[in-house]
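Colleague: Please give me a close look at a single part, the strand pairing. I'd like to hear who sits opposite whom, and what lies across the strands.

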Amino acid sequence: MVPSLELLNRSLILSRMAPLIREQLNRLQIESSVDSTNSAVQRMPIEGQHGTAILAEQQKAGRGQRGKHWYSPFARNLYLSLGWRFERSPTELGCLSLLSALSAARALSRAGLEEHGIKWPNDILLHGQKLCGCLVEVQGDSRDSCHAVLGVGINVHMPASEADIAIDQPWTDLESHLTKCSRNSLAALLLEELITHLALFADQGFEPFREDWQQYDLLKGRTVDAVAGTRTLRGMATGIDGNGALLLDTGGEVLILHSAEVSLKPGLSQ
């Protein structure tokens with residue numbers, strides 16, 4: 001049975017957020033349809049992006065990592081982007097994609113989901129199927145400040161008949177594992193986690209999040225293939241460093257990978 005539509009409600013989302021966290025949100029905007037929520041935030045004047053969150057019922061040109069299309073049916077899933085200003089250089093923000101994924105994973109845990117985890121750097125999987133993806137885009141080239149837009153897409157009530165055609169990898173949705181999942185409640189939880197984590201990151205960097213990350217790390221101790229530039233590397237993932245880079249033990253050395261497309265070694269299922 002196809003679940004009834006639950007439209008996003010700004011007042012309801014705000015009422016379900018903790019007051020001290022809600023005060024750090026400068027604007028919450030809900031759109032019926034946009035090209036992508038990240039693009040919608042980026043079109044705003046740069047000075048108005050900090051603390052601005054945009055949720056959309058539908059994305060017509062949603063995108064994920066490396067330009068991949070993100071399937072975004074109307075009023076079924078969660079598409080959220082949050083702008084944030086940092087007194088840090090862009091080179092210090094490479095771990096924001098991990099922070100976004102960790103925020104989403106914690107929000108899903110608070111919603112009651114279990115057994116999900118993060119495939120470095122920012123995909124949330126459940127039983128080997130993709131549940132959530134994140135896309136972080138940084139603006140500015142200042143040495144001491146810049147703006148970032150953090151986008152999160154979570155499959156909530158995915159219509160299988162259409163998704164099987166549109167999505168080229170194993171996927172799942174929240175409704176398949178949690179009954180009566182409210183998109184408004186999940187949006188409130190996600191905003192709480194993102195804002196709390198971003199405030200801490202702005203003050204202390206990524207190091208305070210390493211322990212939480214390890215609890216969700218799906219790759220640690222697994223043999224993986226990592227495509228970095230023109231190289232394909234094979235080794236055992238041994239966790240992340242203090243900046244969120246993947247540690248890959250190739251047998252002869254431990255490589256530090258800041259950017260790579262990682263997959264499990266063929267023959268080893270998640």
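**Strands, hairpins and what lies across them**

Modeller: Let's start towards the end of the chain, where strand E8 (residues 223-228) and strand E9 (residues 231-240) run antiparallel and are joined by six bridges. Helices (H or I, at least four residues) and strands (E, at least two) are DSSP runs, numbered from the N terminus, and two strands count as paired if DSSP finds at least two bridges between them. Residue numbers start from 1 along each chain as its sequence is written, and side-chain values use heavy atoms, with hydrogens and water left out. This is a predicted model, with pLDDT of at least 70 needed for local features and 80 or more for side-chain atom pairs, while totals for chains, interfaces and linings use all residues.

Back to that pair: Val224 has Gly235 as its bridge partner in E9. Two residues separate E8 and E9 in their hairpin, and in the turn Gly229 has a positive phi of about 65 degrees. Carry on along the chain and E9 pairs again, this time with strand E10 (residues 246-249), antiparallel and over three bridges. Here Ile240 is the residue opposite Leu246 in E10. The E9 and E10 hairpin has five residues between its strands, and Gly244 there takes a positive phi near 90 degrees.

Now for the seven-stranded sheet. This one is open, with mixed pairing, and its strand order is E1-E2-E3-E7-E6-E5-E4. Strand E1 (27-34) and strand E4 (116-119) are the edges: each has a single partner strand, so one side of each has no neighbour in the sheet. On average, neighbouring strands are turned by 20 degrees against each other, with direction ignored. Axes here are lines fitted to C-alpha atoms (for helices, over the stretch in contact), and angles run from 0 to 180 degrees between N-to-C directions.

At the E4 edge, E4 and E5 run antiparallel with four bridges joining them. They form a hairpin with three residues between them, and His116 sits opposite Leu126 in E5. As for which way the E4 residues face, His116 and Ile118 point one way, Gly117 and Lys119 the other, and all are buried. Buried means under 20% relative accessible area, exposed means over 50%, and partly exposed is in between (1.4 Å probe, protein chains only).

Further into the order, strand E3 (residues 78-86) pairs antiparallel with strand E7 (residues 146-154) over nine bridges. One partnership to click on is Trp84 with Ala148 in E7. His50 ties in here too. The loop between helix H3 (37-42) and E2 holds His50, and a relative accessible area of 26% makes His50 partly exposed. Although His50 and Ala148 are 98 residues apart in sequence, their C-alpha atoms are 8.5 Å apart in space. Setting aside neighbours within four places in sequence, His50 contacts Asn26, Gly83, Trp84 and Arg85, contact being heavy atoms within 4.5 Å.

What lies across the sheet? H4 goes across E3, E4, strand E5 (123-126), strand E6 (129-139) and E7, at about 140 degrees to E6. H6 goes across E1, strand E2 (52-59), E3 and E7, at about 20 degrees to E3.

These two helices also meet each other. The axes of helix H4 (residues 96-110) and helix H6 (residues 183-204) come within 8 Å and cross at roughly 140 degrees. That makes the pair oblique, given that under 35 degrees is roughly parallel, over 145 roughly antiparallel, 65 to 115 roughly perpendicular and the rest oblique. The crossing of H4 and H6 is right-handed, that is, the near helix is turned clockwise from the far one by less than a right angle; anticlockwise would be left-handed. Among the residues making the contact are Leu99, Ser103, Arg106 and Ala107 of H4, and Leu190, Glu193, His197 and Phe201 of H6. By class, the H4 and H6 contact counts twelve nonpolar, three polar and four charged residues (Ala, Val, Leu, Ile, Met, Phe, Trp, Tyr, Cys and Pro are nonpolar, Asp, Glu, Lys and Arg charged, the others, including Gly, polar).

Glu193 deserves a click: this H6 residue counts as buried, at 5% relative accessibility. Beyond neighbours within four places in sequence, Glu193 contacts Ser103, Arg106, Ala107 and Arg110.

For context, the protein chain has seven helices and twelve strands, and 53% of its 270 residues are buried.
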